[in-house]
Amino acid sequence: MTALVPTETLELVARARHRRARRWWTVTGVLLLAVGAIYVLSLMLGDTFYSPAEIWGVITGHQVAGASFTVGELRLPRATTGLLAGLCFGMGGVVFQSLLRNALASPDVIGITSGASAAAVFCIVVLGLSQTAVSFIATVAALAAALLIYLLAYKDGGSGPRLILIGIGVAAIFDSVISYIVSRAAEWDLPAAMRWLTGSLNDASWDRILPLAIAVLVLMPLLLGMGRDLELLRLGDHTASALGVPVERRRILLIVTAVGLLAFATAAAGPIAFVAFLSGPIAVRVLGPVGSPILPAGLVGALLVLIADFAGQHAFGTRLPVGVITGVLGAPYLVYLLIRSNRSQGTTL
Amino acid sequence: MIADVAAPAPHALPQRRMGRRALWLVVLLAALAVVAVASVAVGARTVGWDDIWNGLRGMTDSVSAASVSKRVPRTLLAMIVGAALAVAGATLQGAMRNPLGDPQLLGVTGGASLAIVVGIAFFGLSTATGYIWVGMLGAAIAAAFVYAIGSLGRGGPTPLRLALAGAVIAVAFSSLMSAILLPRIDVMSVFRFWQVGGVGGATPQSILQVLPFLIVGFLICLLSSPALNSLALGDELAAGLGTRVRTARLVSSFGAVILCGAATAVAGPIGFVGLVVPHVCRLLVGVDHRWLLPFSAVTGAVLLTAADVIGRVVARPQEIEVGIVTAILGAPFFIAIVRRQKVRAL
């Protein structure tokens, strides 16, 4: 029996698929290298320069004069928090943008990071809880915020635009709670409290990294494993379920995983402005329409946070927190994105 | 016979409507009087009638009478700021034909805040009048910016686009503000109280300084209310009726920008008053802007004064700033509007 489809066509499809896979791997590899390079650079550079050998010495547990403290206690936790938080924000953001099929529907606009942030600032400033407890409560609060927004927006079926607008309203409530608590904080708490308004890596420490690192180790493989289903969901619910995706179950699992990543990152570094918003569109821009954008978006997020934090520390007279830099740098790109998506009447990433 | 029956009909409806409006006006003014008295009487310290009377006459011998004399300017400021924000919201909603028009949601108060911070940090701005001018400038720039971004592309400015543009601009502005404030702890500790929006720092001087601006803004809005009525019919029809669409939109928005820039300069960013009040007033008196704007002014004054009283009472002896109370009361209302509305896809 001869094939129904001519072999040339099959070959063409196979070759195109091959090419797309190769492009995905190339882009991801380049991003991975860039993240690694920036990470190492941010360990090496600063007020004092340390060579890679000295840094390796610190990482492997040797005592290196000066470097053990500067790198081991200051730069390494800071860069690691930035790396992990950027990964989380990037991946969480692109999941929401893909599910809602709207680049503007990122978790920092629709109130999910605000929910995590409000819970975290309440736990820290008012209750004085430890970092692990704060991370978990922030996660619960972010999930509750996501659920609240979803339920409020659900009326004769969900609607993307309505969900976004309701998210903006919910975010306004959380933001006012945050600014109330911050306005009550003691003067010496103020810089720490400001972290919950813009996001900062200034007081990164190992005990703060631990919950975040565990969350990344558990949730990231889970999310990456669902990458293909997310791609199919973007085609629409009917198509996805025809192709064998258990739509509702998969969507809930995706949201819970993404919210978990976002909440742990927010609890560790504050709501770093616009990273969740920007990473997805940038990743898709670089990647083109090939493969799952989750991992590339995470890497772009990490890259953004590391570069912005490095710039904030060294490029200006004073040290600015990373959220301020991403907010200021991100705004023009965002305006451009808004204009472009308006012009194309368009929606997607 | 036919004439007898038919003749009263055209007049009956307006008369009934006039009666209803007058009734509501009386109710609202009574409510304003009640909240004004409550605002003077209630607070961290509860005072008696004698103290209120003494405080009003400027006799500040007892602590209670002294606290009354502090509460009077505060009450006045809450009233005029509430009125200004509500009129600004009603005008913006009419001018942009957008049910979600609110000075804070559209990033206009954010623009005023940023401009004032820049003024304090880089240009040594320190006078109240200076704050007001700079605040209005910032508000105008932000309004133009948000409207331009929101209305680019096909389909013009939909509520969703404007709200998203406003949210995005607000985040960007607050990042810029942090960038300016963080190196200057001294400015920041002053600013953080201003940032949450409150009327607690009111003095008779600050009221007198802001009042001329508010009156001018209010007059501009009121004079453009016939034009707003034609704009509500749609741009083509309004143009057909002889309204200069572009001019009308520009002038009325200018009035709204003056109002919310000046109000923000004196009381900090206060959200949702401009959103909620016009919607409530439309239910009471209909969509005619000539009535809607004055009613919004009175209702806004009632709402903000009431919110200020609530903020003073719920966390005694501490206070919750009025901006936080209005956000917590107003955001659910915003959500309710969104749920009712058929939101056009982006």
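Me: How are the axes and angles of packed helices defined here?
Reply: Axes are lines fitted to C-alpha atoms, for helices over the stretch in contact, and angles run from 0 to 180 degrees between N-to-C directions. Helices are DSSP runs of H or I, at least four residues, numbered from the N terminus. This is a predicted model, where local features need pLDDT of at least 70, side-chain atom pairs count only at pLDDT 80 or more, and totals for chains, interfaces and linings use all residues. Residues are numbered from 1 along each chain as its sequence is written, and chains are lettered from A in the order in which they are written.

Me: What angle do α6 and α9 of chain B make?
Reply: About 30°. Helix α6 covers residues 128–151 and helix α9 residues 204–223, with axes 10 Å apart.

Me: What makes a crossing right-handed?
Reply: The near helix is turned clockwise from the far one by less than a right angle; anticlockwise would be left-handed. α6(B) passes α9(B) in a right-handed crossing.

Me: Which residues of α6(B) and α9(B) meet?
Reply: B:A128, B:T129 and B:I132 in α6(B) meet B:S206, B:Q209, B:V210 and B:F213 in α9(B). Contact requires C-beta atoms, placed from the backbone, within 7 Å.

Me: Why is chain A said to agree with a compact globule?
Reply: The rule is 2.2 Å times the number of residues to the power 0.38, with the radius of gyration taken over C-alpha atoms. For 349 residues that gives near 20 Å; chain A has 21 Å, so the two agree. Its C-alpha trace spans about 75 × 50 × 35 Å along the principal axes.

Me: How many helices and strands does chain A have?
Reply: Chain A has 14 helices and 0 strands; a strand would be a DSSP run of E, at least two residues.

Note on methods. Two residues are in contact if their C-beta atoms, placed from the backbone, lie within 7 Å.
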